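User: Could you take a close look at one part of this model with me? I'd like to understand the spot where the ligand is held.

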Amino acid sequence: SCAPKKEPVPQQDMDDSIILGFSQIGAESAWRTFNSHSVKKAAEDAGIQLLFENAEQKQAKQIKAIRSFIVYQVDVIAFVPIVADGWDNVLTEAKDAGIPVLVTDRKINTSDETLYAGFIGTDSIREGREAALFLQKKFSSSERDKPVRIVEISGTDGASCVIGRAEGFRDIIDDNPDFEIIYSSSGDFLKSKGYEIMLGILDEIDNIDVLYSHNDGMTLGAIEAMKERGIRPGKDIVIVTIDAEQAAIDALRKGEVNCVIECNPRTGPVIMDLARKLAEGETIPRLMHVQEEVFTEWDDLDAIEPRGY
Ligand code: GZL
């Protein structure tokens, strides 16, 4: 059955509706593209006027967009900080203009917690821990005379989700002598870089047991490189990946990936709910993590719903 068609918000209602300025980092992955779709659709459904700016992976463009929202005197500003540092100045300008700020998806480092009202997004440290816990289970039965050799392809340097995924993973792996991280490099969350880095790793390093990749886009690139070198992904090299876009679930079903950790991009509706509360002068929770699952090769993979991204 299809959902009842939402009546368009009459123009006069839009005139006194909330104006939300949203700075998105870009379109670097299927996850990001869906996250943008979720924000735009939710604004439309909520009758919130959305000023949406795509920064094309540049922090300077995000800062410029936030400044334009201040000049426009939006009711609320929300943004995905591409990297964790460097936001204090522009957020002080927003605070001085009396505009509340919602941080989404990735976190910021700041000495002044009053510069933003709250955070809604994923728990990256937990995602990293889940990746390590899967590997401990995967290799628990194997009698090994040498440690499991792990290569890591990380996301954009300085992004809070990358720091968290690396930290959570190492919290567990570093205490376990049966594992060692023999190589780590940033693929900037891009499929093309995942491919290039994996090709380079395979030409330089022998006896790789595991690939830990910070997002599915880079994983899909790395799988192409493995196949080019006659390596069986998911068998010769165990693969753990994060996001849970459809292509990664399909690879899990084919046995080319062993564990997919969900990072939930569907934050549009809750962002609009929080923006409305802020516009009405209400306080919101400082920290909200979205619900996320872990899919492994041991699960009933037919039960996984279509991912939508
Ligand atoms: C994580 C998000 C990351 C995704 C990538 O919360 O910021 O950015 O894991 C995306 O796919 O590019």
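How far does a polar side-chain atom of Arg 32 lie from an oxygen atom of the ligand? And what is the place around the ligand like?

Analyst: Sure, let's dig in, keeping in mind that this is a predicted model. A polar side-chain atom of Arg 32 lies 2.9 Å from an oxygen atom of the ligand. Two other side chains make similar pairings: for Glu 28, a polar atom is 2.5 Å from a ligand oxygen, and for Arg 106, an N or O atom of the side chain is 2.7 Å from one. The protein wraps the ligand up completely, covering 100% of the 320 Å² of accessible area that the ligand has on its own.

Now zoom out a bit. In total, 13 residues surround the ligand, and Glu 28, Arg 32, Asp 105, Arg 106 and Asp 243 are the closest. If you sort that shell by type, you get 4 nonpolar, 3 polar and 6 charged residues. Helices H2 and H6 each put at least two residues into the shell.

So where is all this happening? The ligand sits in the largest cavity, which has about 100 Å³ of space. The structure has 1 cavity of 30 Å³ or more. Its lining is made of 13 residues, with Trp 31, Arg 32, Arg 106, Arg 165 and Asp 243 nearest the centre. The lining splits into 4 nonpolar, 3 polar and 6 charged residues. Helix H2, spanning 30–46, and helix H6, spanning 160–173, each give at least two residues to this lining.

Technical notes
Residues are numbered from 1 along each chain as its sequence is written. This is a predicted model: local features need pLDDT of at least 70, side-chain atom pairs count only at pLDDT 80 or more; totals for chains, interfaces and linings use all residues. Side-chain values use heavy atoms; hydrogens and water are left out. On a 1 Å grid over the protein atoms alone, a cavity is a set of points where a 1.4 Å probe fits but cannot get out, and a pocket is an open set with protein on both sides within 12 Å along at least five of seven lines; lining residues have an atom within 4 Å of a point. Grid points are joined across faces, edges and corners, and a volume is the space filled by probe spheres set on the points. Helices (H or I, at least four residues) and strands (E, at least two) are DSSP runs, numbered from the N terminus. Ala, Val, Leu, Ile, Met, Phe, Trp, Tyr, Cys and Pro count as nonpolar, Asp, Glu, Lys and Arg as charged, and the others, Gly among them, as polar. A residue is near a molecule or strand if one of its heavy atoms lies within 4 Å of it. A polar contact is a pair of N or O atoms within 3.5 Å; within protein, one must be able to donate a hydrogen and the other to accept it, and residues adjacent in sequence count only if both atoms are side-chain atoms. Accessible areas come from the Shrake-Rupley method with a 1.4 Å probe; for residues, only the protein chains shown count as cover. A molecule sits in a cavity or pocket if more than half of its atoms lie within 2 Å of its grid points.
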